[in-house]
Structure formats: structure tokens, C-alpha cells
Amino acid sequence: MRFSALSHLSCPRCQRQLDADQVTNVCDCGSPLLVEYDLPAIRAGADRDDVGRRAPSLWRYHELLPVRSPEQVVSFGEGMTPLVPMPAFGREVGVPRLLMKDEGLIPTGTFKARGAAVGVSRARELGVKKIAMPTNGNAGSAWATYAARAGMRSFIAMPLSAPEICRRECLVVGAELALVDGLIGDAGALVRATLAEREGYLDVSTLREPYRIEGKKTMGLEIAEQLGWRTPDVILYPTGGGVGLIGIWKALRELVELGWIEGPLPRLVAVQAQGCAPIVAAYESGATESEPWPDAHTVAFGITVPKALGDFLILQAVYDTGGCSVAVSDADLLAEQRRVAELEGAFVCPEGAAAFAAVRQLRGSGWIGADEEVVVLNTGTGLKYPSTVPLPT
Ligand SMILES: Cc1ncc(COP(=O)(O)O)c(C=O)c1O
Ligand SMILES: [Zn+2]
């Protein structure tokens, strides 16, 4: 069995197929591209017990990852974050079988390290020397960090209001940092304008290159493996660009196709903040795409994405799994951040706190049943957002 069973890229909108060994951004039709694998070859050449014997990093799933050569892997040992029982909080909200997948325990302190590890490794394998991206902060620090380890240059543009630590993380690894007085879309416009004047940079914006999803899908692979190759009833995910949710959905479908788990898939919940809830609005009206959200604003900065390029994929993941999409207020998510910390000793990021608030809300409405097994993605450590905890005066 080869290291990677990477086969080709495919367009989920117009079904076009593309060569995976060319540097590619989006499809000609504008859609993000998805990575396809030779699953029958994996089925014939590897089994899930082989995976279980490998080192505890996301690279243990290398057949299902796009990097062809192990020498190209750029890694700090990321992945295999713990799936932590949350019995006290679970009891309080009436979901005793509540688990937290804790992405705070990963290089750069957020799950963005997964997309960066795989995306940078694959970019290096394809000969890329310089990358550029807009970010809400955490992805920028992760990609700048992995780029530095790969010996690549990086140009990162982020809103002035992004967490300050992310700026420092970019600077310490020598990234070129641009700050914009606006939102992530404005940072994207700056990246495109800058790249138009420069040579040799790959635009690695969310879903504008196909490999970030592959890194993030490892959250889904790990959840299945950590539960003994089965899936929970519900997975809640704080959704901005939605890459993690799309990735988890893709991972679980690949595992079903491999015969490593059985369906049905868990109900996937796209959690947003009330101040920026385009996916929730689309879900509530039964739409298959979202409308841009005006005046987006929330303390859960990572999920401030007024219009996601992959919105149709997020909604498909939600509809296909019988999931839903809900919004929580900043007051509720900050209160929940406090409550999770008090009851469980876990200092979660505000985005993760939004997903915990959504558990309480969905249990309250009966959408989550009392005996269901529920996994919340805490996408990062609270340490990256110290100002969410005011000091006594
Ligand atoms: C901590 C955190 N959680 C969640 C998200 C949303 O991620 P996605 O783009 O996968 O929806 C982000 C994105 O910046 C983030 O930084
Ligand atoms: Zn297409």
C-alpha cells in the first residue's frame, strides 16, 4: 500500500475531475474542489487495526491524506487530541453522554493546525515556496507557523480586531503581516490585490485550495477511532467557513465506504453566533446556499464569516445527516464558557463555548435526546482569548 491513496480532485458542483498533481485553486465553475482517494486500494491494502498501531498523530491516517511522500510531511506531531467526557456539564444540561473533542491541545492552540499541517505539506510537495491568505487570526497563525517549519514564506492578512496573539504568532515566525480595518472578506480582497502584483505565491484562502479540508477531516477520523470505530449520535461544530464540518462529513463517508464504520452518520450541527448567522438563516428557510450576512459581529471571532465559499457544502452536510443549524447570543456563549470552566475545569475558546451553548439549547427544545451521545468540538484553547475573562476591578 502506498503512503497516500490520493487519486484526483473533483468538483462537487459541476462534477468535473482534475489532476491532483497540478497546483490548483478552485474549479472553473467557482466551486471549491474536493480530494478523491482510491478507496478500494485502501480497503485491499490496509485495515483499521493497522492505523491503531501507528504513532498518535493525524498522520496515522496517511492513506486517506493527500501527501504522497512521507519526506514531505511538515509536522509537530499534531492530532489525536483527547475526547474528554464532560459529566458535570452534561448532567447540568441533561446530556450525560457529552464528550468534548479538545482542539486546544494542538500546536498553535486551535484545530487550524490540522489544515495547516496537511495544506503546507502538500503545497511543499507540489513545489510551492510562498503562500498567502486572509484569516480571522487562528488560521493565519497556524499556516504561518507550518510555513516557517517548511522553509516557506508567508503573507497573512487579518482584521485589526482579530485576537492580538495571532498577530504575534505570525510575527515571531517571520510572516509578512498585513492588518485591515474590516472583516475577513476585506482581508481576502487585500490578498488578491497583493498577489496580482507578485509572483510565485499560492493563494491558500479557505476552500480556495483543496487540502485544508483533508487536514480538518482528521477530526472526524479521530472521533470514530476514539469511540472504537463507531460514531456518536450528534456532533456540534462552531461554523465559520465550515471547513471542519465539511471535513468531518467527508471523513465519515470515507470510513463508511471503507467499511471501517457503519452508518447512519451522526447528525451534524452547524453552530453560529447570532451576530453572524448566514448558515442558520439558510437552514431555517430550507435554502441550499446562504446570503451574505450584513454587519457581522461576535466575540467568537473565528466564526465571523458573512458568506462562506463552501456554504452549499455545509448545508448539504447538515441536511444529509438530519442535522440542524442554530445561533447563540454572545451573552449566552460567554456565560457557557464560564460554566464549562467552573464545572469541568476546561477553559474553552468562545467558538467552542458557542457549541456548548447550542447543546443546552437543543436539549431544551428536545432536538437532542437525554440518552444521546453528543460530541462538541472545542476548536481552540481559551488561552488565545484572555480578554473574554474580565478581571475584577
Ligand atoms: C477557534 C475557531 N473555531 C472555529 C472556527 C471556524 O472554522 P471553520 O472555518 O472550519 O468553520 C475558527 C475559524 O477561524 C476558529 O478560529
Ligand atoms: Zn466545477
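Which backbone oxygen lies 3.0 Å from a polar atom of the side chain of Gln 337? In this predicted model, the partner is the backbone oxygen of Val 348. Gln 337 belongs to helix H13, which spans residues 330–344. Its relative accessibility is 4%, under the 20% limit, and Gln 337 therefore counts as buried. The contact with Val 348 thus involves a side chain of a buried residue.

A second buried position is found in helix H14, residues 350–364, where Ala 358 lies. The relative accessible area of Ala 358 is 0%, so this residue is buried. Ala 358 was also compared with Cys 170: the two are 188 residues apart in sequence, and their C-alpha atoms are 32 Å apart in space.

The surroundings of ligand 1 were examined next. Ligand 1 occupies the largest pocket. Its shell holds 18 residues, of which Lys 112, Tyr 237, Gly 240, Gly 242 and Thr 379 come nearest. By residue class, the shell divides into eight polar, seven nonpolar and three charged residues. Two secondary-structure elements, strand E10 (234–238) and helix H10 (243–258), each supply at least two residues of this shell.

Polar atoms of the protein approach oxygen atoms of ligand 1 from both backbone and side chain. A backbone N or O atom of Gly 240 is 2.7 Å from an oxygen atom of the ligand, and a backbone N or O atom of Gly 241 is 3.1 Å from an oxygen atom of ligand 1. From a side chain, an N or O atom of Lys 216 lies 3.2 Å from an oxygen atom of the ligand. On its own, ligand 1 has 390 Å² of accessible area, and the protein covers 97% of that area.

Gly 242, one of the residues that come nearest to ligand 1, is found in the loop between E10 and H10, the two elements that each supply at least two residues of the shell. Gly 242 counts as buried because its relative accessibility is 2%, where the limit for this class is under 20%. Gly 242 and Asp 311 are separated by 69 residues in sequence, whereas the distance between their C-alpha atoms is 7.4 Å.

Backbone geometry was considered last. Most residues other than glycine have a negative phi, and most peptide bonds are trans. The peptide bond from Gly 263 to Pro 264 is cis, with omega near -5 degrees. Pro 264 lies in the loop that runs between H10 and strand E11 (267–273).

Positive phi values in residues other than glycine occur at Gln 15, where phi is near 65 degrees, and at Met 80, where phi is near 50 degrees. Both positions are in loops. Gln 15 lies between strand E1 (6–10) and strand E2 (17–18), while Met 80 is found between helix H2 (48–52) and strand E4 (83–85). Is each of these residues buried, partly exposed or exposed? Gln 15 counts as exposed because its relative accessibility is 57%, over the 50% limit. Met 80, at 22% relative accessibility, falls between the 20% and 50% limits and therefore counts as partly exposed.

Terms used:
Residues numbered from 1 in each chain as written. Chains lettered and ligands numbered in written order. Predicted model: local features only at pLDDT ≥ 70, side-chain atom pairs only at ≥ 80, totals over all residues. Heavy atoms only, no water. Near = heavy atom within 4 Å. Polar contact = N/O pair within 3.5 Å; in protein donor to acceptor, adjacent residues only side chain to side chain. Areas by Shrake-Rupley, 256 points an atom, 1.4 Å probe, with all protein chains shown as cover. 1 Å grid on protein atoms, 1.4 Å probe; cavity = no way out; pocket = protein on both sides within 12 Å on 5 of 7 lines; lining within 4 Å. Sits in = over half its atoms within 2 Å of the grid points. Helix = DSSP H or I, 4+ residues; strand = E, 2+ residues; numbered from the N terminus. Nonpolar A, V, L, I, M, F, W, Y, C, P; charged D, E, K, R; others polar. Buried < 20%, exposed > 50% of the residue type's maximum accessible area, 1.4 Å probe, protein only.
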